Amino acid sequence: MNFDRRRYLERVKERESKSPVVKNCFFAYLFGGGICTLGQLLLSLYLFAGLSERDAGTLVAVTLIFLSALLTGIGVFDSIARIAGAGTLVPVTGFANAVVSPALDNKSEGLVMGVGAKIFTVAGPVLLYAVLSGALYGVIHYVVALFS
Amino acid sequence: MRTVIRFPVPVSIYARASAVGGTESDGPLGALFDFHDETDRFGADTWEQSEESLSRTVLNLALARAGESQDAIDLLFAGDLQNQCVASSGGCAAAGIPYCGLYGACSTSGEGLLLASLALSASPALSRAAVVTTSHNAAAERQFRLPLEYGGQRSPTAQWTATAGGAFLLCHASEPFSPPSAPRITACLPGAALDSGVTDGANMGAAMAPAAADTILRYFSLSGESPSDFDRIVTGDLGAEGSALLLELLRENGLDLQGRHRDCGVLLFDPLKTDVHAGGSGCGCSASVLASLFLPALERGELNRILFLATGALMSPSCLLQGESIRGIAPLVVLESGKTGGEK
């Protein structure tokens, strides 16, 4: 067969169906905005209930994480995320789903080698590099403070 | 092997069966399958065991159609997508049938039919061989991709691993128990692993299309036949993306399939109803569509001759991350209707 790999790859790129970017952005805006509005409502509610601003903020994150974990557990989150895309991925909801879904998936292999070993397979890189950059920022902060 | 292997005595597929999961049974071919389980569980607790159960179920259905028991089978060729083909060894091979496990990714159904035909042809002592291939969406997603409940958007070029299985019982066409209408395998051509250069794990169709084109071109050049000698040229699971690429590659090499091409991955699902994007894939995709759509059409004499190419993307997630591209493979078998005498 007459097969030019480079030309073939160009053709594959050229003709492959593209993600519907405008539609995806619209739904990401809608769902992401909706989640943030819900967060804001929760914040107002917790402040109204007499919590300090700091505690209320923490509780908002905890509530959203709980809701994402619950929706993942009952098998609804992925159906919503299929439409919402970055709208559910970017807020804390996406991170909660990224931790809960492998935990659920691997419970058939037991609590240690299944859930325990595999729970961070998706979220692992985020955790590692978030902690690493946090430590790096701390060092920079310390050094700058020494000379100022 | 650089020659078309023709069988002096054709091998007949004297019984076949298909079983699928919920999404597949809701698809356009839903009514044609012998068995379906809406829950995809097939009575088991884990997805891996569900596929074992699927494998066992589909073999038993084929045996029931032939009115035979597992003891009648001399040799079993079976494969799936799980590590060490556990669904096959734990499912249909656990009954003690002498077993060869196959791992040809989604090309396993074609590879199995080809090897079983060769084995039967090589040894008159073998009376009956079985070919069983399965795939399970949940077991495959767990092994190759992301957790099932992970919320993300799939690429439009991605395909959907079918929860499906197909079983085929083969014998020499001269056997008295082989029904006259049983479709026959008269020739085969092994595929060559061809490096597509594609490094996108979400575009398997593009990774397999060159291998399918290569086998088809080799077949027509070696046999001296042309697409008009066949009613259908069927590929396993190139999907919408890969099918278009295949036709382009063939046209560039001076071959026009004249509207005879069909792809099992495209046929299996309704693209508007399910989140399958470019179409179905997996060892069970081509096997179930062959067993439920094309073989019955050959049995009824509605089709006379078809070329069947199961297509496989030989993909390892680790090698893909290491920057290696995906190799494709497409073994070919020639299937003829028993009704018209078959042999050319």
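Reader: How far does helix H8 of chain A reach from its first C-alpha to its last?

Author: This is a predicted model, so take the numbers as computed from it. Helix H8 of chain A covers residues 124-146, which makes 23 residues. At 1.5 Å a residue you'd expect 33 Å, and the helix comes close to that. From first C-alpha to last, H8(A) reaches 33 Å.

Reader: And what is the count of buried residues among the 23 residues of H8(A)?

Author: A residue needs 20 or more other C-beta atoms within 10 Å of its own to be buried. H8(A) is hardly covered. The count of buried residues there is 0.

Reader: What about helix H2 of chain A: how far apart are its end C-alpha atoms?

Author: H2(A) runs over residues 21-48, so 28 residues. The 1.5 Å a residue rule says those should span 40 Å, and the model agrees with the rule. Just after the helix, by the way, A:Gly50 takes a positive phi of about 100 degrees. As for the end C-alpha atoms of H2(A), they are 40 Å apart.

Reader: Which residues of H2(A) are buried?

Author: Start with the cover: what lies over the buried residues of H2(A) includes helix H3 (53-73), helix H4 (77-84), helix H5 (86-89) and helix H6 (92-105) of chain A. Beneath that cover, the buried residues of H2(A) are A:Phe31, A:Gly32 and A:Ile35.

Reader: Over to chain B. What radius of gyration does it have?

Author: Chain B has 10 helices and 16 strands, and its C-alpha trace spans about 55 × 50 × 35 Å along the principal axes. Of its 344 residues, 60% count as buried. A compact globule with 344 residues would have a radius of gyration near 20 Å, and chain B agrees with that. Its own value is 18 Å.

Reader: Among contacts in chain B between residues at least 6 apart in sequence, what share join residues at least 24 apart?

Author: One example of a long sequence gap is B:Val131 and B:Phe168, which are 37 residues apart along the chain with their C-alpha atoms separated by 5.1 Å. B:Val131 also touches B:Phe168. Taking the contacts in chain B between residues at least 6 apart, the share joining residues at least 24 apart is 80%.

Reader: Is B:Val131 buried or exposed?

Author: B:Val131 lies in strand E5 of chain B. Leaving out residues up to four places away in sequence, it touches B:Phe77, B:Gly112, B:Leu113, B:Ala116, B:Phe168 and B:Leu170. The cut-off for burial is 20 or more C-beta neighbours. With 30 of them inside 10 Å, B:Val131 counts as buried.

Reader: Which residues have the most contacts inside the largest nonpolar core?

Author: Nonpolar side chains tend to be buried together in soluble globular proteins. The largest nonpolar core here has 115 residues, and it draws at least three from each of domain 1 (5-172) and domain 2 (184-336) of chain B. B:Phe168 is one of the best-connected residues in that core; beyond its sequence neighbours within four places, its contacts include B:Ile13, B:Ala62 and B:Ala291. Those with the most contacts inside the core are B:Ala62, B:Leu76, B:Ala130, B:Phe168, B:Leu170 and B:Ala212.

Reader: Which element gives the most to the side of domain 1 of chain B that touches domain 2 of chain B?

Author: The centres of the two domains of chain B are 18 Å apart, and 52 residues of domain 1 are in contact with 56 residues of domain 2. By class, the domain 1 side has 24 nonpolar, 21 polar and 7 charged residues. The element giving the most to it, with 11 residues, is E1(B).

Reader: Which element supplies the largest share of the side of chain B that touches chain A?

Author: 27 residues of chain B are in contact with 32 residues of chain A. The chain B side divides into 12 nonpolar, 9 polar and 6 charged residues. Two elements of chain B, helix H6 (204-223) and helix H7 (239-252), give two or more residues to it. The largest share, 5 residues, comes from H6(B).

Reader: Which residues does B:Gly197 touch, not counting residues up to four places away in sequence?

Author: B:Gly197 lies in the loop between strand E9 (194-195) and H6 of chain B. With 19 C-beta neighbours inside 10 Å, B:Gly197 counts as partly exposed. The residues it touches are A:Arg5, A:Tyr8, A:Leu9 and B:Ser325.

Note on methods
Residues numbered from 1 in each chain as written. Chains lettered and ligands numbered in written order. Predicted model: local features only at pLDDT ≥ 70, side-chain atom pairs only at ≥ 80, totals over all residues. Core = buried A, V, L, I, M, F, W, Y, C linked by C-beta atoms within 7 Å. Buried ≥ 20, exposed ≤ 12 C-beta atoms within 10 Å, placed from the backbone. Domains from an automatic or database assignment. Contact = placed C-beta atoms within 7 Å. Helix = DSSP H or I, 4+ residues; strand = E, 2+ residues; numbered from the N terminus. Expected span 1.5 Å × (residues − 1). Nonpolar A, V, L, I, M, F, W, Y, C, P; charged D, E, K, R; others polar. Rg over C-alpha atoms; globule rule 2.2 N^0.38 Å.
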